[in-house]
Amino acid sequence: MNGRESVLIVLKAAIVALIACTVAAQAEECPRQDALGTSRVLTVDPATYPRVGVQSFPQTLPLEDHEVVLTFDDGPNPPTTSKILAALSRECVRATFFLIGQSAATNPQLVRRIAAEGHTVGHHTWAHADLKKISNAAAIEQIDRGIAADEMALHGKAGSTPTTPFFRFPYFESTPALLDLLQSRGIAVFGADFWASDWNKMTPEQELKLISDRVKAAGKGIVLFHDTKAQTAAMMPDFLRYLRENHYRVVHVVAAAPGKSVQRIP
Ligand SMILES: [Zn+2]
């Protein structure tokens, strides 16, 4: 056996091992054959997509017809967030959670669970202040303190540079100065294309009807929910079933960070 042959054998063995790993990972990824699943992973580069969501900005993510991105704001909140995580997990669906820093600081284990289950963790300030109504300096402090708390919960290390540079303004209330600042720091600002209006009191059945009608009308887009709302947690299994039965596909957004394991998932 010459050198080239031995290299080939090693390569073949590596390929076989890689295929075995991939199959195992997929099987572990989604044990249910009929689950909705996550159809693809979309890497969002803040340089290309600094601000997305047509409710606030001219641009949104490059989604195909029937593709939706699920986002949840204001958590983590143990009773409702854990229900939503269970519903997403059952359907093998990956979402994005925009966390409030002080809730992350109170519930670090739940933050780590969100990340461990493959979801994206974005940022939503320290205490959900309306950043338009406070000084620029106070607003920056809200942003940085929120990021630091989320990072501390995730990695045990605080810092104002987020692992995932995704941010959403509370109430979608931004200022030009803050938008410029975030852009200069390479942080993508997420608006939404439509939402469940789940800040309004309604039954889970009413919310399901409202959001499924909006999905149908929009055809695709970034959807906003609040994982702090009991009615949202209650209707999430039915909403995911609606998506599956109507042939919608869930796209998982991730940051362009090298070595992030979630990016390898097809
Ligand atoms: Zn919020």
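## Aromatic pairs

In this predicted model, F98 counts as buried because its relative accessibility is 0%, below the 20% limit for a buried residue. F190 has a relative accessibility of 1% and is buried as well. A search of the whole structure finds 9 aromatic pairs. In one of them, the ring centres of F98 and F190 are 5.5 Å apart and the ring planes meet at 50 degrees, so this pair is classed as tilted. The pair links distant parts of the chain: F98 belongs to strand β4 and F190 to strand β7 (residues 188–190), with these positions 92 residues apart in sequence numbering.

The rings of Y242 and Y248 have their centres 6.1 Å apart, and because their planes are at 25 degrees the pair is stacked. Y242 is buried at 19% relative accessibility, and Y248 is buried at 7%. Ring pairs also join F72, F97, F225 and F239 into a cluster. In addition, R145 lies over the face of W126, 4.0 Å from the ring centre.

## Nonpolar cores

The largest nonpolar core has 34 residues, and the members that touch the most others are L70, F225, F239 and L243. Elements giving two or more residues to this core include β3, α2, β4 and α5. Helix α8 (230–245) is also among these elements, and α8 supplies the largest share, 7 residues.

Leaving aside residues up to four places away in sequence, L70 touches several residues, among them L88, V93, V223, F225, F239 and L243. Another core lies apart from the largest one; it has 15 residues, including V44, V69, A188 and F190.

## The zinc site

Three residues coordinate the zinc ion at 2.0 to 2.1 Å: D74 through OD, H124 through NE2 and H128 through NE2. In sequence, these donor residues follow the spacing D-x49-H-x3-H. D74 is in the loop between β3 (67–73) and α2 (78–90), while H124 is in the loop between β5 (120–123) and α5 (136–155); the pair therefore ties together parts that are 50 residues apart in sequence. Both D74 and H124 are buried.

## The disulfide

The structure holds 1 disulfide. This disulfide joins C30 to C92, with an S to S distance of 2.1 Å. The link is right-handed, with 95 degrees about the S-S bond. C30 lies in the loop between α1 (3–29) and β1 (40–44), and C92 in the loop between α2 and β4 (96–99), so that the disulfide connects distant parts of the chain, 62 residues apart. C92 is buried, as its relative accessible area is 13%.

Note on methods:
Residues are numbered from 1 along each chain as its sequence is written. This is a predicted model: local features need pLDDT of at least 70, side-chain atom pairs count only at pLDDT 80 or more; totals for chains, interfaces and linings use all residues. Side-chain values use heavy atoms; hydrogens and water are left out. Donors are N, O and S atoms within 2.8 Å of the metal (3.2 Å for Na, K and Ca); water is not among the atoms, so sites may look incomplete. Helices (H or I, at least four residues) and strands (E, at least two) are DSSP runs, numbered from the N terminus. Buried means under 20% relative accessible area, exposed over 50%, partly exposed in between (1.4 Å probe, protein chains only). A disulfide is a pair of cysteine sulfur atoms within 2.5 Å. A nonpolar core is a set of buried Ala, Val, Leu, Ile, Met, Phe, Trp, Tyr and Cys residues joined through side-chain atoms within 4.5 Å. Contact means heavy atoms within 4.5 Å. Rings of Phe, Tyr and Trp (its six-membered ring) pair if their centres lie within 6.5 Å; planes under 30 degrees apart count as stacked, over 60 as edge-to-face and the rest as tilted. A charge sits over a ring if NZ of Lys or CZ of Arg is within 6 Å of the ring centre and within 35 degrees of the ring normal.
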